[in-house]
Amino acid sequence: MGKVYVFDHPLIQHKLTYIRKNETGTKEFRELVDEVATLMAFEITRDLPLEDVTIQTPVSESKSQVIAGKKLGIVPILRAGLGMVDGMLSLIPAAKVGHVGLYRDPETLKPVEYYVKLPSDVEEREFIVIDPMLATGGSANEAIESLKKRGVKQVRLMCLVGAPEGVEEVQKAHPDVDIYLAALDEKLNEKGYIVPGLGDAGDRLFGTK
């Protein structure tokens, strides 16, 4: 079963509070999501393997460490996941970016894939699927499945806010995927919104209704 990590760093929690606030406008919301994504990228890369190298400092030769050739990929779920990409790239600029586009079928209410574009070397990379919200888990599960169908071997899921119902669905469908959250909220309401949540992340990021 995949593990669930909730990042309790004070800076993440502080900024998440302002992301949640109803009166936070589009510009500030977008900047805060970007900042929290950077802070979460710092946490999610904590276990990357290191290797020793020998370098020359201005004073002497020295043994030091670099990341051990780990190739990373970032895959936002369109469209709200786009709001987290730049924040992650500011910390891990060598990561390649793929995209997964999903829409909800109005009759079945299930997510349907309409666009997938990934780097060519998928089998060599560990991918981080990003989306601000993990609500029912439907979109996350479909996005992860889209990656696996194309040969991706290692996937992590990173969201700002998750509901217990969505976490459970992802764990059930993809027990090999670890989940990283800034907050695990109380529940879903009857409309499928996370409570207390932060509203519709896509609309708040892009100023749409």
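The paragraphs below go through helix α1, the aromatic pairs, the salt bridges and the annotated binding-site residues of a predicted model.

Helix α1 is a convenient place to start. Its buried residues include Ile12, Lys15, Leu16 and Ile19. These four residues span an arc of only 110° around the helix axis, and therefore they sit on the same side of α1. The spacing follows a general rule: an α-helix has 3.6 residues a turn, so residues three or four places apart point the same way. The partners of this buried side can be named as well. The buried residues of α1 pack against α2, β10, β11 and α6, the last of these being residues 201-206.

Strand β11 also takes part in an aromatic pair. The structure holds three aromatic pairs. In one of them, Phe7 and Tyr180 lie 5.9 Å apart centre to centre with 35° between their planes, a tilted arrangement. Phe7 belongs to the loop between β1 (4-6) and α1 (10-20), while Tyr180 belongs to strand β11 (residues 178-184), so the pair ties together parts that are 173 residues apart in sequence. Phe7 has a relative accessible area of 8% and is buried. Tyr180 is also buried, at 5% relative accessibility. This pair does not stand by itself, since ring pairs link Tyr5, Phe7 and Tyr180 into a cluster.

The other pair to look at is that of Tyr103 and Tyr114. Their ring centres are 6.3 Å apart and their planes meet at 40°, so this pair is tilted. Tyr103 is in strand β6 (residues 99-104) and Tyr114 is in strand β7 (residues 111-117), with the two positions eleven residues apart in the count along the chain. Are these two rings buried or exposed? Tyr103 is partly exposed, with 42% relative accessibility. Tyr114 is likewise partly exposed, at 48%.

Charged side chains give a further set of links. Side chains of opposite charge can pair when their charged atoms come close. In this model the count comes to 14 salt bridges. One of them joins Glu23 and Lys21, with an N to O distance of 3.8 Å. Glu23 is exposed, at 62% relative accessibility, and Lys21 is partly exposed, at 31%.

A salt bridge that links distant parts of the chain is formed by Asp47 and Arg156, whose closest N and O atoms are 3.2 Å apart. Asp47 lies in the loop between α2 (26-44) and β2 (50-56), and Arg156 lies in strand β10 (residues 154-162), 109 residues apart. Arg156 is buried, with 10% relative accessibility. Strand β10 is also one of the elements against which the buried residues of α1 pack.

Asp121 and Lys71 form another salt bridge, with the closest N and O atoms 3.7 Å apart. Asp121 is in the loop between β7 and β8 (125-130), and Lys71 is in strand β4 (residues 71-78), so the pair ties together parts that are 50 residues apart in sequence. Asp121 is buried, with a relative accessible area of 14%, whereas Lys71 is partly exposed, at 34%. Salt bridges with shared partners join Lys71, Asp121, Glu124 and Arg125 into one network.

The last topic is the binding-site annotation. An unreviewed UniProt entry places the feature "binding site" at Arg79, Arg104, Asp131, Pro132, Met133, Leu134, Ala135, Thr136, Gly137, Gly138, Ser139 and Asp200. Which of these residues does the lining of the largest pocket include? The lining includes Arg79, Arg104, Asp131, Met133, Leu134, Ala135, Thr136, Gly137, Gly138, Ser139 and Asp200.

Two of the annotated residues can be followed further. Arg104 is in strand β6, the strand that also holds Tyr103. Arg104 is exposed, with a relative accessible area of 53%. Neighbours within four places in sequence aside, Arg104 is in contact with Leu109, Lys110 and Pro111. Ala135 is in the loop between β9 (133-134) and α4 (138-149). With residues up to four places away in sequence not counted, Ala135 touches Ala163, Glu165, Gly166, Leu188, Gly192 and Ile194.

How values were computed. Residues numbered from 1 in each chain as written. Predicted model: local features only at pLDDT ≥ 70, side-chain atom pairs only at ≥ 80, totals over all residues. Heavy atoms only, no water. Phe/Tyr/Trp six-rings, centres within 6.5 Å; stacked < 30°, edge-to-face > 60°. Buried < 20%, exposed > 50% of the residue type's maximum accessible area, 1.4 Å probe, protein only. Salt bridge = Lys/Arg side-chain N within 4 Å of Asp/Glu carboxyl O. Arc of directions from axis to C-beta. Contact = heavy atoms within 4.5 Å. UniProt positions renumbered as here; feature names shortened; annotations may be inferred. 1 Å grid on protein atoms, 1.4 Å probe; cavity = no way out; pocket = protein on both sides within 12 Å on 5 of 7 lines; lining within 4 Å.
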